[in-house]
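Visitor: Let's zoom in on the salt bridges and the parts of the chain they join. Take me through them slowly, please, and follow the trail wherever it leads.

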Amino acid sequence: MKIIHFTSLSVAAFTASIQLCAAADAIKPTQAEFVMKASFMDRGQAKVDRLNQDETQRLCSQYPEKRPPEVARRIEALNMKLMKYPADGKLLGDWKEGEKIAQSGVGKQFSDNPALPAGGNCYACHQLTKVEISFGNIGPSLYNYGKLRGNTEPIQKYTYGKIYNAEAYSACTNMPRFGHSGILTEEQIKHVTALLLDPNSPVNN
Ligand code: HEC
């Protein structure tokens, strides 16, 4: 009998193979979850319950490609329903704090202190400024974001909401749901929104 050592597989490769199986309908997501859970264990704040999929994740796994438009609309609608805006109605914080959050990739790993705030790691996927030359390109460049969009109330609301829960605007996006998933606090999201929209921020200069 062939013994498979799951620990020797990277999570990414394993997830990809499960998505392929799910696409071929060979494995249902529930079975995939079962196998994943048997292969990992709790470590610090990184608990196996992170493998529990909510409806959004389940639908995105079920339709990795060729997602019917009504499924995409359902995902966006259910995430829009879960959107929470700040009670004080203020969506913009301090862009200088936002820049620190955008730069920081700390948080949520087993080795991070869960009592400390997490970062947004925005530069891992986006260009934001001309000053920072090290950035990823999974997401679009956000350089001049505020200059191009303006700083109107609807733009502030879209930007805050997009960072809070990107799934409300684009189903099965690669962008994390920072507010919804409790990665960033309301105050931190205000700071990052200011980084994108404040005319004095290096994003717009
Ligand atoms: C793992 C990659 C990833 C990370 C990390 C990430 N994003 Fe994104 N982001 C994306 C992708 C992919 C898109 C395009 C698809 C979409 O709109 O969801 C996107 C889209 C956006 C948009 C919409 C742009 C537009 O033209 O309307 C904004 C705003 C944004 N991201 C801000 C942020 C901020 C701020 C952070 C950090 C708190 C961040 N993103 C972190 C991947 C990421």
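Guide: Start with Arg-74, which is partly exposed at 46% relative accessibility; that class runs between buried, under 20% relative accessible area, and exposed, over 50% (1.4 Å probe, protein chains only). Its partner Glu-55, at 39%, is partly exposed too. Their side chains meet in a salt bridge, 2.6 Å from N to O, where the term means a side-chain nitrogen of Lys or Arg within 4 Å of a carboxyl oxygen of Asp or Glu. Glu-55 sits in helix α3 and Arg-74 in helix α4 (residues 69–81), 19 residues apart, so distant parts of the chain are linked; helices here are DSSP runs of H or I, at least four residues long, numbered from the N terminus.

A quick word on what you're looking at: it's a predicted model, with local features needing pLDDT of at least 70 and side-chain atom pairs pLDDT 80 or more, while totals for chains, interfaces and linings use all residues. Numbering starts from 1 along each chain as its sequence is written, and side-chain values use heavy atoms, with hydrogens and water left out.

The count comes to four salt bridges. One of them joins Arg-177 and Asp-54, 3.0 Å from N to O. That pair spans 123 residues, from the loop between α7 and α8 to the loop between α2 (29–39) and α3 (55–62). Arg-177 is buried at 8% relative accessibility, whereas Asp-54, at 26%, is partly exposed.

Lys-190 and Asp-88 make another, with their closest N and O atoms 2.8 Å apart. Lys-190 lies in helix α8 and Asp-88 in the loop between α4 and α5, so this pair ties together parts 102 residues apart in sequence. Here again one end is buried, Lys-190 with 10% relative accessible area, and Asp-88 is partly exposed at 46%.

Helix α8 is worth following further. The largest nonpolar core has 24 residues, with Leu-128 and Leu-196 making the most contacts inside it; such a core is a set of buried Ala, Val, Leu, Ile, Met, Phe, Trp, Tyr and Cys residues joined through side-chain atoms within 4.5 Å. α8 gives the most to this core, six residues. Beyond its neighbours within four places in sequence, Leu-196 is in contact (heavy atoms within 4.5 Å) with several residues, including Leu-128, Tyr-145, Ile-163 and Val-203. Apart from that core lies another, of seven residues, among them Leu-59 and Ala-171.

Note on methods. Helix = DSSP H or I, 4+ residues; strand = E, 2+ residues; numbered from the N terminus.
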